[in-house]
Amino acid sequence: MDNFLNQLPALLGVIVGAAASYLATRVGDKTRWMRSQRVRWEDKRVQVYADYGHAVKRVYELSKRLAASRGLPTNAGPLSLESGLEDLTQAGIERSEMWERLLLVGDPDAVAAARTWHHILWQLEAFAHGRLSDPDQWKAADRAFRDARSRFYETARHDLGITSGPLPE
């Protein structure tokens, strides 16, 4: 019995050391896994934000060219109404697909900013379709579109932890 009591501190030391080693390994593995998941989702969000921005920009550019065809003051060259409206419809479908991805992985603030951005885009599309025609309304909507675009990118950059400062006007 004396022999056992003499070896008990060593045995307890081995048990405590094994438990501590197990816990440290477990915590380290969990931390690495969480970091890799965070990086994985961050990469996806970067791609989704970029794809959404590109899709909105495509609809915007087509809307500007169609608006120019309808005599509105834009800095874009006019586009054939028939083919342009078909392209605009397809671009709208693509933007809608990107919207669903954004809803899935986007930060709530970025989603809200994107929603505002594409609501203004719908107004510009109304000009492209000929449902609106006032040049002053076009200018105001175009300015609002650019402001909403800046807000979207500001919130997306904040979500991604980009701290290099605001984008230039």
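**Close-up 1. K57 and E61, about one helical turn apart in helix α1.** In this predicted model, K57 and E61 both sit in helix α1, and because they are 4 residues apart there, about one helical turn separates them. Their side chains meet in a salt bridge, with an N to O distance of 3.6 Å. How exposed are K57 and E61? K57 counts as partly exposed, at 35% relative accessibility, and E61 is partly exposed too, with a relative accessible area of 27%. The pair doesn't stand alone: K57, E61 and K64 are linked in a network of salt bridges.

**Close-up 2. R58 and E94, a salt bridge between helix α1 and helix α2.** Here the side chains of R58 and E94 meet at 3.2 Å, N to O. This pair links distant parts of the chain, since R58 belongs to helix α1 and E94 to helix α2, with their positions 36 residues apart in sequence. R58 comes out partly exposed at 30% relative accessibility, and E94 is partly exposed at 31%.

**Close-up 3. R151 and E154, a salt bridge within helix α4.** The closest N and O atoms of R151 and E154 are 3.0 Å apart. Both residues lie in helix α4, 3 residues apart, which is about one turn of the helix. R151 is partly exposed, with a relative accessible area of 42%, and E154 is partly exposed at 49% relative accessibility. If you're keeping a tally, the count for the model comes to 6 salt bridges, including the bridge between R151 and E154 shown here.

**Close-up 4. Y60 and F145, a stacked ring pair.** Searching the whole structure turns up 10 aromatic pairs. What makes the Y60 and F145 pair stacked? The ring centres are 4.0 Å apart and the planes sit at 10 degrees, so this pair counts as stacked; the cut-off for stacking is planes under 30 degrees apart. Y60 comes from helix α1 (residues 2–69) and F145 from helix α4 (residues 135–159), so the rings tie together parts of the chain that are 85 residues apart in sequence. Are the two partners buried or exposed? Y60 is buried, with a relative accessible area of 4%, and F145 is buried as well, at 1%.

**Close-up 5. The aromatic cluster around that pair.** Zoom out from Y60 and F145 and you'll find that ring pairs link Y49, Y52, Y60, W99, W117, F145, F152 and Y153 into a cluster. One of these cluster members, W99, also turns up on the α2 side of the contact with α3.

**Close-up 6. Helix α2 packed against helix α3.** Helix α2 (residues 81–105) and helix α3 (residues 108–129) pack at an angle of about 170 degrees, and their axes are 12 Å apart. The two helices are therefore roughly antiparallel to each other, given that angles over 145 degrees fall in that class. Which residues of α2 make the contact? On that side it's L85, L88, R95, W99, L102 and L103. Helix α3 brings V111, A114, R115, H118, L121, W122, E125, A128 and H129. Sorted by class, the contact has 10 nonpolar, 2 polar and 3 charged residues.

**Close-up 7. A114, a buried residue of helix α3.** A114 lies in helix α3 and is buried, with a relative accessible area of 0%. What does A114 touch, setting aside its neighbours within four places in sequence? Its contacts are Y52, W99, L102 and F152. Take F152 as an example: A114 and F152 are 38 residues apart in sequence but 5.6 Å apart in space, C-alpha to C-alpha. Y52, W99 and F152 also belong to the aromatic cluster, while L102 is part of the α2 side of the contact with α3.

**Close-up 8. Stepping back to the whole chain.** The protein chain has 4 helices and 0 strands, and it reads α-α-α-α along the sequence. Of its 169 residues, 30% count as buried. Among contacts with a separation of 6 or more, 67% come from residues 24 or more positions apart.

Note on methods: Residues numbered from 1 in each chain as written. Predicted model: local features only at pLDDT ≥ 70, side-chain atom pairs only at ≥ 80, totals over all residues. Heavy atoms only, no water. Phe/Tyr/Trp six-rings, centres within 6.5 Å; stacked < 30°, edge-to-face > 60°. Buried < 20%, exposed > 50% of the residue type's maximum accessible area, 1.4 Å probe, protein only. Axes fitted to C-alpha atoms, helices over the stretch in contact; angles between N-to-C directions. Parallel < 35°, antiparallel > 145°, perpendicular 65-115°, else oblique. Contact = heavy atoms within 4.5 Å. Nonpolar A, V, L, I, M, F, W, Y, C, P; charged D, E, K, R; others polar. Salt bridge = Lys/Arg side-chain N within 4 Å of Asp/Glu carboxyl O.
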